[in-house]
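Open the model in your viewer and keep the selection panel at hand. The stops below go element by element.

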Amino acid sequence: MSIVIQLLEALGQKGQIGALSNADLADAVAGLELDPALRSALLRRDTAELSRLLKGRSNIMLLLVPAEPEVPAEGEDGDEQKDDDAPDQPAIRASAA
Amino acid sequence: MVGNGSLACVGLGMLLGGHLSPRARSHIETADCVFAAVSDPLVELWLQDLRPDLRSLQPLYDSAKPRQQTYREMVEVMLVEVRAGRRVCGVFYGHPGVFAQAPHEAVAQARKEGFAAVMEPGISAADCLYADLGVDPGRVGCQHFEASQFLFYRRRVDPGAYLVLWQVGLVGDRSYRRRTTTPAHRQLLVERLREDYPEDHCVIVYEAATLPISVMRAENVALIHLPQIPLSMHSTLVVPPAAALQPDAAMLARIAALEDATTTAAPTAHHQKEFTDVHCDPAA
C-alpha cells in the first residue's frame, strides 16, 4: 500500500473531535519518507494533485439515480410503456431502467 | 440456487478508511472478483490496495450515452461473473442501496436468476448529513427527494419538516449525460420552492467529507441566491422547516376520548389473561 494511501486510511480510522487541523496533518506527515511533491500536496490538501501524482483516475462519475423512467426506444415492448404510465410506479420503473 | 455464483453489493461508507464495516471488508477480501464504483480517485486507489485485481466500473461511463445504459452495463458485467460461478463483490461508496440504481438491480437480477445475492449497508451521505448538520429526522420529520424528480413531478411539500433534495447539482437534467446543470435550472428549482418557502429562507448546501484531509461543506444561503452558488454532483440541498408543526385538533380529541374510555373501563379477566399470554409467558 502506498504510504499516502496508508496515511489517509489511518487518518480516516482515527477518532477525533472536528476536522483534522493543519498542525495535526503536519505532524502526521512529518515522519514519513515522501516525495516532496506528494508531501506538498498532502499539506495543501490538494486531493486532485495527490491523485495525479499517485496515478489515480482524473475523473470520477458518481452513481446517480435517474429522476424519471427511461423512455423506451422505438420498437420496444409497449407493455413497458404501460408500466411507465402507472402513477404509483415511476420510481420503481426508474430503478429498473 | 443455481451453481455456486453469488453476489454481494457492499457499501464503503463515505469517508476513506473510516466507514468500512467488517462485513463489507470481509466480502471485499474474500470474493473471487471485485467491482467498484466509488466517489473519489483516492478512494479507488485505496480499494486497489485492498484488492489489486479490482475492476473499476468507471470506464463504463461515457458522456455519449445516458447513465441508465451505463447502469445496465454495470449490472451485466457483474452478473456475467456470477453466472460463471464466481463469488462477486460490487463495492459502492456510501450505502449501496441509497440513491444507487445498479446495486439494487444487480441483486434483484441475480436472485431472479436463482443466485444468492445480498446487500450490505454502508454509511450513506444521509447519515453523514444527520450527524454533520445536527438533523434528527425523528424530530419534525424529513422528506427526501431526488432534486430533478422534485421538479418533474408534483410532490407534496410539508414546510413543517426538513426537506432534503439530492443530486441538486444536476437539477433539471433530462439528458442523463451531464455532470452539472446551469444557474437557470436552479432558478426553476427556486421558483418551485418559493411555492412553499419565503425567498429569504435559509437553506444549506451540504457535501459530506470523503477524505480525512478534506472538510465537509455546509454553506448557508438564502433560497433566492441558490442559483449563484456553485454546486457539484456531490451537493445536496437541505431546506430546514419554515413552519411550526400544526396540531391536528380533531385527531387529538379522538385520542383523548379513546384514552378516557380506556382509563375509565375496569380491566376484565379476559383482558388480563390476554396480556399475560402475549407478554409474560415465556412458554407462549
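**Stop 1: the mixed sheet of chain B**

Select strands 6 to 10 of chain B in this predicted model. These five strands make an open sheet with mixed pairing, in the order 6-7-10-8-9. Look at the edges: strand 6 (142-146) and strand 9 (217-222) of chain B sit there. Each has a single partner strand, so one side of each is left without a neighbour in the sheet. From one strand to the next, the twist averages 20°.

Zoom in on strand 6 of chain B and strand 7 (residues 162-166) of chain B. Five bridges pair them in the parallel sense. Pick B:Phe145; opposite stands B:Leu165, in strand 7 of chain B.

Now add helix 5 (residues 125-133) of chain B. Which strands does helix 5 of chain B lie across? They are strand 8 (202-207), strand 9 and strand 10 (236-239) of chain B. The helix runs at about 45° to strand 10 of chain B.

**Stop 2: the parallel sheet of chain B**

Move to strands 1 to 5 of chain B. They form an open sheet too, in the order 3-2-4-1-5, and the pairing is parallel. Strand 3 (55-56) and strand 5 (116-120) of chain B hold the edges. Each pairs with a single strand, so one side of each lacks a neighbour in the sheet.

Select strand 2 (residues 33-37) of chain B. Two bridges join strand 2 of chain B to strand 3 of chain B, and the two run parallel. Click B:Ala36: its bridge partner in strand 3 of chain B is B:Ser56.

Show helix 4 of chain B next. Helix 4 packs on the sheet and touches strand 1 (6-11), strand 4 (87-92) and strand 5 of chain B. Its direction makes about 160° with that of strand 1 of chain B.

**Stop 3: the two domains of chain B**

Colour chain B by domain: 6-123 is domain 1, and 126-239 is domain 2. Their C-alpha centres lie 26 Å apart. The contact takes 16 residues from domain 1 of chain B and 11 residues from domain 2 of chain B. On the domain 1 side, the elements that give two or more residues are helix 2 (41-50) and helix 3 (67-83) of chain B. That side has nine nonpolar, five polar and two charged residues.

Zoom out to the whole chain. Chain B has 10 helices and 10 strands. Its radius of gyration is 24 Å, well over the 19 Å that the globule rule gives for 284 residues, so chain B is more spread out than a compact globule. The C-alpha trace spans about 70 × 60 × 35 Å along its principal axes.

**Stop 4: where chain B meets chain A**

Show both chains. 38 residues of chain B contact 32 residues of chain A. Which elements of chain B give two or more residues to this side? Select helix 2, helix 3, helix 4 (101-112) and helix 7 (147-152) of chain B. Helix 2 of chain B gives the largest share, six residues. By class, the chain B side divides into 21 nonpolar, 11 polar and six charged residues.

**Stop 5: confidence**

Colour by pLDDT. The mean for chain B is 91, and 93% of its residues reach 70 or more. Residues 271-284 of chain B fall below 50. For chain A the mean is 77, with 71% of residues at 70 or more. Within chain A, confidence is highest in helix 3 (residues 36-43), at 96, and lowest in helix 6 (residues 90-96), at a mean of 35. The model scores ipTM 0.81 and pTM 0.85.

Definitions and conventions: Residues numbered from 1 in each chain as written. Chains lettered and ligands numbered in written order. Predicted model: local features only at pLDDT ≥ 70, side-chain atom pairs only at ≥ 80, totals over all residues. Domains from an automatic or database assignment. Contact = placed C-beta atoms within 7 Å. Helix = DSSP H or I, 4+ residues; strand = E, 2+ residues; numbered from the N terminus. Nonpolar A, V, L, I, M, F, W, Y, C, P; charged D, E, K, R; others polar. pLDDT = per-residue confidence, 0-100. Pairing = 2+ DSSP bridges. Axes fitted to C-alpha atoms, helices over the stretch in contact; angles between N-to-C directions. Rg over C-alpha atoms; globule rule 2.2 N^0.38 Å.
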